[in-house]
Amino acid sequence: MAESKVKIDQVSKIFGPKPKSVIAQVRDGKSKADILEETGHTVGVYNASMEIQEGEIFVIMGLSGSGKSTLIRCFNLLNKPTDGAIYVDGENIVDYNSSQLKKFRQEKIAMVFQHFGLFDHRTVLENIEYGLEIKNIPKEKRRQTAQENLEVVGLKGYEDKYPDELSGGMQQRVGLARALANDPDILLMDEPFSALDPLIRREMQLELLDIQERLKKTIVFITHDVNEAFKLGDRVAVMKDGKVVQVGSPEAILENPANDYISDFIKDIDRSKILQAENVMIKPNALVSLKDGLKVAIKEMEENGISSVFVVDRSRHLKGIVTIDEAITGIKEKKSLEDVLSTDVTTVSREEYVSDLIPKALESKYPLAVVNQDNKLEGFILRVHVLSGLVAEDVNESKEYHGYTN
């Protein structure tokens, strides 16, 4: 586990004339509804605790009114918690004075908003360098930094355009570049893609994943879209009525929902866009080496009740696959294993999403081979489990199945 970057410790945010007078009731477990009825105070965040690791995309998900946007604004003290502590790199930022808070916001944390927040009278490049200008960075240096981040988000050539000349997706890229220009450790993103058309939204999701692969920022991402949350998040926190209901990896939440609310929340999720090859692959219990020969290949298939077997070299690099029919014919014709094996094997990486495997499965007559960057075989995926839509039962059965029938 990576080092913890942010720790939210029993944080509550209460709105009303005397918010601190309600803290005891929150600590005693009185419900948000009862507190509102009895005191007139609204509990926006209810005793929330979570830890966010260095370099992960941590998604906070919930429906409207769940408290997710209220909570993310506590991370940079736009909402100062009524109770609890927020530790960043071990320091409780709730205790910061105005000077410390200003430095924290300028140097360590940045925020990307839903509605872009660009200055219409500034060019794209001038918008990106705005934060650096506030920090009194020399013009030449801030222009260079702004240009570099413009290119990071794929907008090279748009330096002199104005926001009203850009599409919504391009405007959000400018907002992202402006946040990145300050080189923050932590990037807060409050439903940044929700105002975008579906196609542009998907493009921006992929763009964010690509940028994160290069920059390794700690990202806190807010969304009400469960598919977006599970696609982007290394881990996800689900909120309801100001409370954190469950925190876990997308796969863990799918497999073990904490309660009926979580089950209902995730029931319509497109699992093929969440699960990756590594989540559904089967580790082969039968392999043949090039040195073994056809008789060994046939024996291996007979003992394991399978009709084909992958062939690897001594270092487990994938060489191909041989079927029982090809092996028997090869022996009759006095051919070697290398002569009859098929190299027409479709390979995929562990990180590929199942939805992206569907066209590959349609075109392949063999199981998909999961290999690492050195082409070493790590597992395989049966076509039938990709094409069946990967309902949970199919995935579980596939992990228990050790045959190569496709």
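**Exercise 1.** In what order do the four strands of the open sheet stand, and is the pairing parallel or antiparallel?

*Solution.* The model is predicted, so local features are considered only at pLDDT of at least 70 and side-chain atom pairs only at pLDDT 80 or more, while totals for chains, interfaces and linings use all residues. Residues are numbered from 1 along each chain as its sequence is written, and side-chain values use heavy atoms, with hydrogens and water left out. Strands are DSSP runs of E with at least two residues, helices are runs of H or I with at least four, and both are numbered from the N terminus; two strands pair if DSSP finds at least two bridges between them. On these terms the order is E2-E1-E4-E5, and the pairing is antiparallel. The edges are strand E2 (42–53) and strand E5 (91–92), each of which pairs on one side only. Within the sheet, strand E1 (residues 4–15) is joined to strand E4 (residues 83–88) by five bridges in the antiparallel sense, and Val-6 has Val-88 of E4 as its bridge partner.

**Exercise 2.** Describe the surroundings of strand E9 (residues 235–240).

*Solution.* Begin with burial, where buried means under 20% relative accessible area, exposed over 50%, and partly exposed in between (1.4 Å probe, protein chains only). Five of the six residues of E9 are buried, so the strand is largely enclosed by the rest of the structure. Next, take the pairing with strand E3 (residues 57–61), which is parallel and runs over four bridges, with Arg-235 of E9 as the bridge partner of Phe-58. Then turn to strand E10 (residues 243–248), which pairs with E9 in the antiparallel sense over five bridges; here Met-239 is bridged to Val-244 of E10. Finally, E9 and E10 form a hairpin with two residues between them, and Asp-241 in the turn has a positive phi of about 50 degrees.

**Exercise 3.** At what angle do helix H14 (residues 294–304) and helix H15 (residues 324–332) pack, and which residues make the contact?

*Solution.* Axes are lines fitted to C-alpha atoms over the stretch in contact, and angles run from 0 to 180 degrees between N-to-C directions. The two helices pack at an angle of about 145 degrees, with their axes 9 Å apart. The contact, meaning heavy atoms within 4.5 Å, is made by Leu-294, Lys-295, Ile-298 and Met-301 of H14 together with Ile-324, Ala-327, Ile-328, Gly-330 and Ile-331 of H15.
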